[in-house]
Amino acid sequence: MYTYFNRIVIILLLFHLAFSASAGHYPKEWPDIDKDTKSKCLNLSGVYSNSGEEAYTNVDTQIGRSAWLVRAIPRYLGQALLPDLLEMHNIDPKWATKIELKTKKKGVIKIVFWKENEEIFKTEWYQNIDYTCKKYFITTKGSLNADSHMKTAKGKVKKEIYLANDRTLILHQKYTEKGLGLFFVPYIQSESNWYKYQYLYPSN
């Protein structure tokens with residue numbers, strides 16, 4: 001009876017320790033996020049640098065977590081916005097030097113990849129299908145199968161897109177993964193990344 005009770009306590013303790021979550025705070029050195037917008041949906045129209053600056057990544061490494069659970073998060077704006085579509089069309093996100101976003105009527109956002117003055121790819125996002133409007137930002141969500149030979153897991157990605165007071169585009173990407181790791185220990189992994197992309201000039 002004592003042995004059985006000890007086993008239960010150990011299992012609960014492992015689960016508690018394996019439950020890890022971290023959230024990165026917005027960098028104080030970066031421009032303030034614009035919260036004065038009165039529109040129902042953030043207007044992202046503008047041309048931005050494709051190469052972004054990363055603040056930091058928070059990743060918990062408690063019991064039930066190992067280095068092989070860490071996932072790389074893209075620094076290129078094009079890849080951050082359209083990871084699956086770029087892979088489908090065999091487009092290297094580094095090809096583009098700038099990304100043009102243009103908010104159109106009926107909740108359509110036009111996305112154009114430019115290599116200097118050459119258009120190399122374009123597509124559109126549709127409100128309530130590809131993205132959702134919030135008070136100060138727009139958000140997109142996705143899920144993926146994170147299984148490997150060492151774990152069974154499901155992952156979810158949430159991206160929040162803001163504009164700073166100087167029109168810098170701010171991307172907050174949060175990744176959460178739940179599953180069973182080594183020795184069937186349950187875990188939750190949470191990563192939080194902030195990126196900023198320089199505003200270059202207005203969209204056409």
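A disulfide is a pair of cysteine sulfur atoms within 2.5 Å, and this definition is used in the first exercise below. The structure is a predicted model, in which local features need pLDDT of at least 70 and side-chain atom pairs count only at pLDDT 80 or more, while totals for chains, interfaces and linings use all residues. Residues are numbered from 1 along each chain as its sequence is written, and side-chain values use heavy atoms, with hydrogens and water left out.

**Exercise 1. The disulfide**

Task: Find how many disulfides the model has, and state which parts of the chain are tied together.

Solution: By the rule given above, the count comes to one disulfide. The partners are Cys-41 and Cys-133, whose sulfur atoms are 1.8 Å apart, and the link is left-handed, with -80° about the S-S bond. Next, place the two residues on the elements, where helices (H or I, at least four residues) and strands (E, at least two) are DSSP runs numbered from the N terminus. Cys-41 lies in the loop between helix H1 (2-18) and S1, whereas Cys-133 belongs to strand S6 (residues 132-133), so the pair ties together parts that are 92 residues apart in sequence. Finally, Cys-133 counts as buried at 18% relative accessibility, because buried means under 20% relative accessible area, exposed over 50%, and partly exposed in between (1.4 Å probe, protein chains only).

**Exercise 2. The chain as a whole**

Task: Describe which elements the chain has and what percentage of its residues is buried.

Solution: Begin with the elements, which are three helices and 11 strands. From the N terminus on, they run α-β-β-α-α-β-β-β-β-β-β-β-β-β. Of the 204 residues in the chain, 40% are buried. For the contacts (heavy atoms within 4.5 Å), residues 24 or more positions apart account for 61% of those with a separation of 6 or more.

**Exercise 3. The open sheet**

Task: Give the order of the strands in the five-stranded open sheet, and explain why one side of S5 and of S11 is left without a neighbour.

Solution: The order is S5-S4-S3-S1-S11, and the pairing is antiparallel; two strands pair if DSSP finds at least two bridges between them. Strand S5 (118-126) and strand S11 (199-201) stand at the edges with a single partner strand each, so one side of each has no neighbour in the sheet. On average, neighbouring strands of this sheet are turned by 30° against each other, direction ignored, with axes being lines fitted to C-alpha atoms (for helices over the stretch in contact) and angles running from 0 to 180 degrees between N-to-C directions. Within the sheet, strand S1 (residues 46-49) and strand S3 (residues 98-103) run antiparallel and are joined by four bridges, and Gly-46 stands opposite Leu-101 in S3.

**Exercise 4. A network of salt bridges**

Task: Work out which residues are joined into one network by salt bridges that share partners.

Solution: A salt bridge is a side-chain nitrogen of Lys or Arg within 4 Å of a carboxyl oxygen of Asp or Glu, and the whole structure has six of them. One of these pairs Glu-160 with Lys-158, their closest N and O atoms being 3.6 Å apart. Glu-160 also meets Lys-174 in a salt bridge (3.2 Å, N to O). This second pair links distant parts of the chain, with Glu-160 in strand S8 and Lys-174 in strand S9, 14 residues apart. Shared partners therefore join Lys-158, Glu-160 and Lys-174 into one network. Within this network Glu-160 is buried, at 6% relative accessibility, while Lys-158 is partly exposed at 28%, as is Lys-174 at 27%.

**Exercise 5. The hairpin and Thr-168**

Task: Describe the hairpin of S8 and S9, and decide whether Thr-168 is buried or exposed.

Solution: S8 and S9 run antiparallel and are joined by 12 bridges, with Lys-156 standing opposite Thr-176 in S9. Five residues lie between the two strands of the hairpin, and Arg-167 in the turn has a positive phi of about 75°. Thr-168 is placed in the loop between strand S8 (152-163) and strand S9 (169-180). With a relative accessible area of 9%, Thr-168 is buried. Not counting residues up to four places away in sequence, Thr-168 touches Pro-31, Tyr-162, Leu-163, Lys-196, Tyr-197 and Tyr-199.
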